[in-house]
Amino acid sequence: MKKKKIFVAIIPARGGSKELKGKNIKKLLGHPLIAYSIIAAQRSKYISQVYVSTDNKEIAVNAKKYGAKIIDRPIKLATSTALSDQAVLHAIKSIENQIKFDHVLYLQATCPLREEKDVDKAIELYLKKKADCLFTSVELHSHMWKFKKNLVEPYHNSFKFIGNRSKSKINVIDNGSFYITNKNLFKKFNRRLAGKKICSYRMKKWSIFDIDSKSDFEIVEWLLSSKKNRPKKIFLI
């Protein structure tokens with residue numbers, strides 16, 4: 001019998017937020033924002049436990065209410081300049097003292113727009129490809145430009161790439177929704193994207209929104225609340 005792969009979910013959520021204060025527990029259609037990521041992970045058939053890494057008591061209280069376990073995030077890993085990967089690494093080492101697991105599902109609390117089966121489909125893709133890590137993405141057909149001395153020029157340094165969009169190559173952009181990484185590789189490289197075999201699970205374009213400002217929050221709230229405009233398979237609590 002093959003050994004069952006064990007996944008744990010980790011959601012880093014610090015208390016400080018400059019542009020939208022208290023965003024991780026700000027009510028979105030009656031539920032704190034962080035609840036959407038907790039429930040998305042809990043509904044996966046592959047996740048054994050969901051953890052929230054936080055330095056904030058209110059976030060901890062709300063996360064516990066929705067069934068997550070809490071990892072106390074050190075203050076030095078909760079500053080505005082601290083990297084989320086370091087908080088996840090700290091959580092991995094803390095969880096290792098409690099349970100055995102092989103892989104980490106790292107969800108961003110500020111990305112609530114997911115379809116119900118996204119997490120499981122991504123895990124299945126990760127296992128099928130025998131990947132070292134996976135990130136979620138959306139397709140990008142747009143022509144990319146970069147600023148240079150207050151003007152813009154194409155990334156490819158040529159205007160030849162501007163053509164029929166339907167014939168252009170499909171590129172993807174990281175939408176930040178969630179990541180999957182082999183635990184040992186995360187520890188070895190100290191980051192979510194580790195190893196050589198990287199794959200990506202493509203999500204719908206509307207999943208691109210990451211809540212960082214009031215306007216971001218209003219757009220996501222509109223998407224979730226408007227039955228007329230809401231994508232049919234969007235994840236809802």
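# Exercises on a predicted model

The lining of the largest pocket holds five nonpolar, eight polar and eight charged residues. The model is predicted. Work through each task with the structure in view.

**Exercise 1. Describe the largest pocket: state its volume and find the residues nearest its centre.**

Solution.
- Start with the volume. The largest pocket takes up about 490 Å³.
- Next, take the lining. It is made of 21 residues.
- Now go to the centre. R14, K23, S84, Q108 and T110 lie nearest to it.

**Exercise 2. Work out the strand order of the open seven-stranded sheet, and find which strands stand at its edges.**

Solution.
- Read across the sheet. The order is β5-β4-β1-β6-β10-β7-β11.
- Check the pairing. It is mixed.
- Look at the ends. β5 (69-72) and β11 (198-202) each have a single partner strand, so one side of each lacks a neighbour in the sheet.
- Add the twist. Neighbouring strands are turned by 35° against each other on average, with direction ignored.

**Exercise 3. Trace how β1 joins β4, then place helices α1 and α2 on the sheet.**

Solution.
- Begin with the strands. β1 (residues 7-12) and β4 (residues 47-54) run parallel, and six bridges join them.
- Pick one bridge. V8 has Q49 of β4 as its partner.
- Add α1. This helix (residues 33-42) packs on the sheet and touches β1, β4 and β6 (103-107). Its direction makes about 160° with that of β4.
- Add α2. This helix (residues 57-65) also packs on the sheet, where it touches β4 and β5. Here the angle with the direction of β4 is about 165°.

**Exercise 4. How many cavities of 30 Å³ or more are there, and which residues line the largest?**

Solution.
- Count. There is one cavity of 30 Å³ or more.
- Give the volume. The largest cavity fills about 30 Å³.
- List the lining. It consists of A40, R114, E115, E116, D118, V119 and F235.
- Sort these residues. Three are nonpolar, none is polar and four are charged.
- Follow two of them into a helix. D118 and V119 are among the buried residues of α4 (residues 118-128). D120, A122, I123 and Y126 are buried there too.

**Exercise 5. Find where the positive phi values of K130, N150 and N190 occur.**

Solution.
- Recall the background. Most residues other than glycine have a negative phi.
- Take K130. It comes just after α4 and has a positive phi of about 50°.
- Take N150. Its phi is positive, about 70°, although it is not a glycine. N150 sits in the loop between β8 (145-148) and β9 (151-154).
- Take N190. Its phi is near 60°, again positive in a residue other than glycine. N190 lies in the loop between α5 (183-189) and β11.
- Compare surfaces against the cut-off of over 50% for exposed. N150 is exposed, because its relative accessible area is 75%. N190, at 37%, is partly exposed.

**Exercise 6. Is S200 buried, partly exposed or exposed, and what does it contact?**

Solution.
- Locate S200. It belongs to strand β11.
- Apply the cut-off. Buried needs under 20% relative accessible area. S200 has 24%, so it counts as partly exposed.
- List its contacts. Beyond neighbours within four places in sequence, S200 touches L125, L134, F135, T136 and S137.
- Finish with a distance. S200 and K128 are 72 residues apart along the chain, and 12 Å separates their C-alpha atoms.

Definitions and conventions. Residues are numbered from 1 along each chain as its sequence is written. This is a predicted model: local features need pLDDT of at least 70, side-chain atom pairs count only at pLDDT 80 or more; totals for chains, interfaces and linings use all residues. Side-chain values use heavy atoms; hydrogens and water are left out. Two strands pair if DSSP finds at least two bridges between them. Helices (H or I, at least four residues) and strands (E, at least two) are DSSP runs, numbered from the N terminus. Axes are lines fitted to C-alpha atoms, for helices over the stretch in contact, and angles run from 0 to 180 degrees between N-to-C directions. Contact means heavy atoms within 4.5 Å. On a 1 Å grid over the protein atoms alone, a cavity is a set of points where a 1.4 Å probe fits but cannot get out, and a pocket is an open set with protein on both sides within 12 Å along at least five of seven lines; lining residues have an atom within 4 Å of a point. Grid points are joined across faces, edges and corners, and a volume is the space filled by probe spheres set on the points. Ala, Val, Leu, Ile, Met, Phe, Trp, Tyr, Cys and Pro count as nonpolar, Asp, Glu, Lys and Arg as charged, and the others, Gly among them, as polar. Buried means under 20% relative accessible area, exposed over 50%, partly exposed in between (1.4 Å probe, protein chains only).
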